[in-house]
Every structure is written in structure tokens, then in C-alpha cells.
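This report walks through one chain, contact by contact. Please keep the viewer open while reading.

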Amino acid sequence: MEVDIDGKKSTDDCMPEKLFEELDNDPSTKLDNDQLDRITAMVNEYQGNIKSHLIEQQEKKSSRADRLADHIASFGGSWTFIVLFCAFLGIWMVINLMSLAFDKPPFILLNLILSCISALQAPVILMSQNRQAARDKQEAILDFAINYRAEQENMELKALLERLDKRLERIETQGLSRQAEREDNNR
């Protein structure tokens with residue numbers, strides 16, 4: 001704990017009751033105690049290197065299959081995949097239009113392969129998107145908690161500066177009155 005200029009104690013940890021009171025005064029944000037407890041816990045837990053902690057936590061939670069789904073989705077949504085797949089389709093059609101035809105037009109085997117690829121690729125991409133949405137949600141909650149904590153610290157600094165300003169005014173007033181008394185006594 002730290003002691004500020006007026007002798008009042010302040011703590012680095014957020015108190016849920018204090019958070020609830022401050023947010024309850026703002027009509028645009030109404031949070032219940034559970035949400036405030038989660039925010040408080042996150043602010044206190046992630047004060048260090050938040051981004052690396054988040055990535056590390058996601059890596060711990062993700063299985064090998066989840067990481068594979070992420071890699072497949074990232075490759076499936078790249079220009080490399082599009083170019084390679086167009087080349088594959090072109091080569092398939094050229095070979096089957098020539099004398100080496102094993103899948104004559106209307107390319108029934110090719111249609112089966114494309115359907116299978118689509119049937120497998122769509123759920124893999126959806127799994128990856130769901131995991132990314134969960135990461136984005138967690139990052140948004142952390143951003144809120146960090147911004148809220150920064151706002152609290154700014155308000156504390158503002159209050160401290162206002163107290164310092166009042167003290168300086170009192171000291172100046174006292175100094176001026178003492179100077180005036182001395183001048184009166186010297187006359």
C-alpha cells in the first residue's frame with residue numbers, strides 16, 4: 001500500500017465495491033457484481049505483459065487439432081491456396097481432355113473431390129473462426145479492464161493534483177498574510 005500526500009491509504013488493487021459504485025453512477029454502463037469481480041480479477045492478474053499472457057493462455061487451452069484447424073484455415077484463405085487450386089483444376093481438366101483421360105467430361109470424379117474438400121474445409125474454417133472470436137472477446141474484455149484501470153488512475157492523479165493545487169493556494173495565502181503582517185509590524 002502507498003500513502004499519499006494527505007495521509008490517506010491507496011491500493012493498487014481494484015476493489016469490486018469501488019468499481020461497482022463508479023460504474024453504477026454511469027447510466028451507460030450497468031454491470032453486476034459477477035462482471036465486476038471478473039474485471040477486477042483480470043486487471044489484477046494481467047497487469048504485466050498482457051498480450052503475451054493471453055497468447056500463452058490460448059496456446060495452453062488449444063489442442064493439437066485446434067492448432068491444425070487454424071493452420072488449415074489460414075492456408076485455405078490465402079492467395080497461395082487459390083493459385084495452387086486453380087493450377088490443380090487446370091491440370092486436371094487438361095489431362096482429362098487429352099488422351100490420358102481417366103475422368104472424362106463432365107468431370108464427375110473432380111466434382112466429387114471438390115465436394116469432399118468443401119465439406120471438410122468449411123467446418124475447419126468455422127472452428128478456426130470460433131476460436132478467433134473467443135480470443136477477440138477475451139481481448140476486448142482485457143482492453144476494457146485496462147482502459148478502466150487507466151481511467152481510474154487518471155482520476156486518482158487528477159484528485160491528487162487538485163489537492164496539491166489547494167495546498168499550494170493555502171500556502172500562498174498564508175505566506176501573503178504573513179508577509180502583510182510583517183509589513184504592518186515593520187511600520
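Arg38 sits in helix 2, which spans residues 33-45. Its relative accessible area is 48%, so Arg38 is partly exposed. The C-alpha atoms of Arg38 and Ile141 lie 9.4 Å apart, although 103 residues separate the two along the chain. A second pair of this kind involves Phe144 and Ile39: their C-alpha atoms are 8.3 Å apart, with their positions 105 residues apart in sequence. Phe144 belongs to helix 6, residues 108-186.

**Overall layout**

The model is predicted. The chain contains 6 helices and 2 strands. In sequence order the pattern runs β-β-α-α-α-α-α-α. Of its 187 residues, 19% count as buried. Among contacts with a separation of 6 or more, 57% join residues 24 or more positions apart. The exposed area of the chain is about 14100 Å². Carbon and sulfur atoms supply 59% of that area.

**Helix 6 and the loop before it**

Helix 6 has 79 residues. From first C-alpha to last it reaches 113 Å, close to the 117 Å expected at 1.5 Å a residue. Its buried residues include Leu110, Val124, Ser128, Leu142 and Ala145. Polar and charged side chains also appear in that buried set, among them Gln121, Arg131, Arg135, Gln138, Arg149 and Gln152.

The loop between helix 5 (79-97) and helix 6 holds Pro106. The peptide bond joining Pro105 and Pro106 is cis, with omega of about 15 degrees. Phe107 lies in the loop between helix 5 and helix 6 as well. Phe107 is not a glycine, yet its phi is positive, about 55 degrees. Its relative accessibility is 13%, so Phe107 counts as buried.

**Salt bridges**

The structure has 4 salt bridges. Three of them are tabulated here.

| Pair | Closest N to O distance |
|---|---|
| Arg131 and Asp66 | 4.0 Å |
| Arg131 and Asp70 | 2.5 Å |
| Arg149 and Glu153 | 3.5 Å |

Which parts of the chain does the bridge between Arg131 and Asp66 link? Arg131 is in helix 6 and Asp66 is in helix 4 (residues 64-76), 65 residues apart. Asp66 is partly exposed, at a relative accessible area of 23%. Arg131 has 15%, which places it below the 20% cut-off, so it is buried.

The bridge from Arg131 to Asp70 again runs from helix 6 to helix 4, so it ties together parts that are 61 residues apart in sequence. Asp70 has 17% relative accessibility and therefore counts as buried. Asp66, Asp70, Arg131 and Arg135 are linked in a network of salt bridges.

Arg149 and Glu153 make a local bridge within helix 6. They are 4 residues apart, so about one helical turn separates them. An α-helix has 3.6 residues a turn, so residues three or four places apart point the same way. Burial splits this pair. Arg149 is buried at 7% relative accessible area, whereas Glu153 is partly exposed at 37%.

**Aromatic pairs**

There are 6 aromatic pairs in the structure. One of them, Phe81 with Phe85, is stacked: the centres are 5.4 Å apart and the planes differ by 15 degrees. Both residues lie in helix 5, 4 residues apart, about one turn of the helix. Phe85 is partly exposed, with a relative accessible area of 21%.

Phe144 and Tyr148 form another stacked pair, at 6.1 Å centre to centre and 25 degrees between the planes. What makes this pair stacked rather than tilted? Planes under 30 degrees apart count as stacked, so an angle of 25 degrees qualifies. Phe144 and Tyr148 both lie in helix 6, 4 residues apart, about one turn. Tyr148 is buried, at 7% relative accessibility. Phe144 is partly exposed at 34%.

Ring pairs also build a cluster, which links Phe75, Phe81, Phe85, Phe88, Trp92 and Phe102. The stacked pair of Phe81 and Phe85 in helix 5 contributes two of these residues.

Note on methods:
Residues are numbered from 1 along each chain as its sequence is written. This is a predicted model: local features need pLDDT of at least 70, side-chain atom pairs count only at pLDDT 80 or more; totals for chains, interfaces and linings use all residues. Side-chain values use heavy atoms; hydrogens and water are left out. Buried means under 20% relative accessible area, exposed over 50%, partly exposed in between (1.4 Å probe, protein chains only). The expected span of a helix is 1.5 Å times one less than its number of residues. Contact means heavy atoms within 4.5 Å. Accessible areas come from the Shrake-Rupley method with a 1.4 Å probe; for residues, only the protein chains shown count as cover. Rings of Phe, Tyr and Trp (its six-membered ring) pair if their centres lie within 6.5 Å; planes under 30 degrees apart count as stacked, over 60 as edge-to-face and the rest as tilted. A salt bridge is a side-chain nitrogen of Lys or Arg within 4 Å of a carboxyl oxygen of Asp or Glu.
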